[in-house]
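These are my notebook entries on a structure that is new to me. I set down what I looked up, entry by entry.

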Amino acid sequence: MKFARKHKQTLAHLAVSALVLGLAAGPLHAQDSHEVRVGFTPKFLKDDFQTLMLDLSKKAFQAKGFTLLGAPDPNGDIAAQVDALQNLIANGANAIVFAPIDAAGIVPVIKQANDAHVLVFSIDDVPSGGKVTASIRADNVDAGAQAAKEMVNRLNRARCWANHSCTVLELQGGLTTPNGLDRSKGFSQTLHGLAPEVKLIQRPTDWTADMAADATQNVLTQVPALDGIFMASELMVSAVNAQVSAAGRSAPVDSPDSIIRIAVDGTPQGLQLIRSRALDATVSQPLNAYATKTAELIDLVSRGGQIAIGPRDDGQVVDTPVGPQYQLKATLVTAANVDSPMLWANMVRK
């Protein structure tokens with residue numbers, strides 16, 4: 001579909017007005033008919049998360065009747081991701097969707113899309129500049145808060161609770177990233193609010209298993225009776241469990257001598273650790289909802305709708321400097337619901 005000059009001017013006016021309000025960009029349609037042509041890029045296709053996100057996104061776009069112009073794999077290279085999106089715009093995409101590899105590096109193509117009145121949707125992370133029609137990601141503050149509530153629930157049944165001697169180690173993610181900061185904020189503030197008598201030890205890991213292992217070893221040396229560990233990502237779990245085992249604290253989940261271990265991500269590996277009683281709980285990211293919510297928002301905006309700021313049944317929409325951000329609720333996973341077909345890890349290769 002080609003846009004006339006007059007229609008482009010109308011789109012520009014709508015986009016500016018919407019951005020001032022922190023809402024969506026203007027509609028794609030002319031009168032009652034419109035065609036949505038989407039260009040999509042994941043970060044890479046080397047793990048289950050990104051591969052499933054692409055597969056679910058394709059299905060969600062098809063269900064809405066969108067045309068997918070392409071979904072090239074930039075293989076973790078931000079320059080390749082920018083080039084791919086520029087090519088998709090040049091080939092007629094009027095909406096682009098991406099999981100940004102680099103928050104700053106993605107900005108030039110966002111600005112190009114803004115100038116061309118192309119709708120911009122960022123999944124799972126947020127860019128540091130330009131204007132997005134919407135970013136769709138997990139509510140990571142709430143994910144941390146859910147982990148803290150489950151930690152307190154399990155500490156309540158531990159021997160340390162009665163004499164107010166519980167100690168918890170928080171292995172933080174990258175504190176230069178929104179996800180790392182939000183998960184730490186949600187966990188630490190909620191734990192302090194629910195159980196102020198619990199001693200919290202915080203150690204940064206920069207999202208690395210090696211740093212998580214070193215921190216765990218050091219803390220277990222100082223506090224042999226450590227009661228709980230919160231990990232900002234499941235990528236730390238195997239390394240942390242190795243240190244827990246080396247310290248003689250590898251009793252299965254729910255055993256009196258077990259260290260309570262809770263993480264975030266909800267990967268197939270994390271769910272299997274729950275099944276094998278080597279992890280108490282995790283908070284699963286709403287990956288399956290990323291695809292359907294993105295398709296829903298593209299459809300809404302392309303038809304002239306707006307993304308209003310405020311609470312939703314499945315999360316909340318908040319205003320940010322780059323545009324509205326739809327924060328979806330994550331799901332606490334324990335042995336009770338680990339086999340739920342609604343968890344993204346249980347959808348892999350299905």
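How many bridges join strand 10 to strand 14, and do the two run parallel or antiparallel? I counted three bridges between strand 10 and strand 14 (residues 331-333), and the two run antiparallel.

**Entry 1: basis.** I note that this is a predicted model, in which local features need pLDDT of at least 70 and side-chain atom pairs count only at pLDDT 80 or more, while totals for chains, interfaces and linings use all residues. Residues are numbered from 1 along each chain as its sequence is written, and side-chain values use heavy atoms, with hydrogens and water left out. Helices (H or I, at least four residues) and strands (E, at least two) are DSSP runs, numbered from the N terminus.

**Entry 2: strand 10.** I looked up both neighbours of strand 10 (residues 281-284). Two strands pair if DSSP finds at least two bridges between them. In the pairing with strand 14, serine 284 stands opposite threonine 331. Strand 9 (residues 260-265) runs parallel to strand 10 and is joined to it by four bridges. Serine 284 appears here too, as the bridge partner of aspartate 265. Strand 9, helix 10 and strand 10 form a right-handed β-α-β unit; right-handed means that, with the strands pointing away from the viewer, the path from the first strand over the helix to the second runs clockwise. I also checked the two faces of strand 10: Ala281 and Val283 on one side, and Thr282 and Ser284 on the other, are all buried. Buried means under 20% relative accessible area, exposed over 50%, and partly exposed in between (1.4 Å probe, protein chains only).

**Entry 3: strand 6.** Is strand 6 enclosed or open? I found that six of the six residues of strand 6 (residues 167-172) are buried, so the strand is largely enclosed by the rest of the structure. Thr167, Leu169 and Leu171 point one way, and Val168, Glu170 and Gln172 point the other way. Strand 7 (residues 199-204) runs parallel to strand 6, with six bridges between them. Glutamine 172 faces proline 204 of strand 7. The chain passes from strand 6 through helix 7 (residues 178-194) to strand 7 in a right-handed β-α-β crossover. Strand 8 (residues 228-231) also pairs with strand 6 in the parallel sense, over four bridges, and phenylalanine 230 in strand 8 is the bridge partner of glutamate 170.

**Entry 4: before and after these strands.** Alanine 162 lies in helix 6 (residues 159-162) and is exposed, with a relative accessible area of 68%. I recorded alanine 162 and glutamine 172 as ten residues apart in sequence and 27 Å apart in space, C-alpha to C-alpha. Histidine 164 is in the loop between helix 6 and strand 6. Histidine 164 has a positive phi of about 55 degrees although it is not a glycine, and at 55% relative accessibility it counts as exposed. Tryptophan 207, in the loop between strand 7 and helix 8 (209-222), also has a positive phi, near 60 degrees. At 23% relative accessibility, tryptophan 207 counts as partly exposed.

**Entry 5: two buried residues.** A polar contact is a pair of N or O atoms within 3.5 Å; within protein, one must be able to donate a hydrogen and the other to accept it, and residues adjacent in sequence count only if both atoms are side-chain atoms. Arginine 37, in strand 1 (residues 37-41), counts as buried at 11% relative accessibility. A polar atom of its side chain lies 2.7 Å from the backbone oxygen of glycine 92. Threonine 320 sits in the loop between strand 12 (315-318) and strand 13 (325-328) and counts as buried at 17%. Its side chain reaches the backbone oxygen of glycine 323 at 2.5 Å. The C-alpha atoms of threonine 320 and lysine 131 are separated by 9.8 Å, with the two residues 189 apart along the chain.
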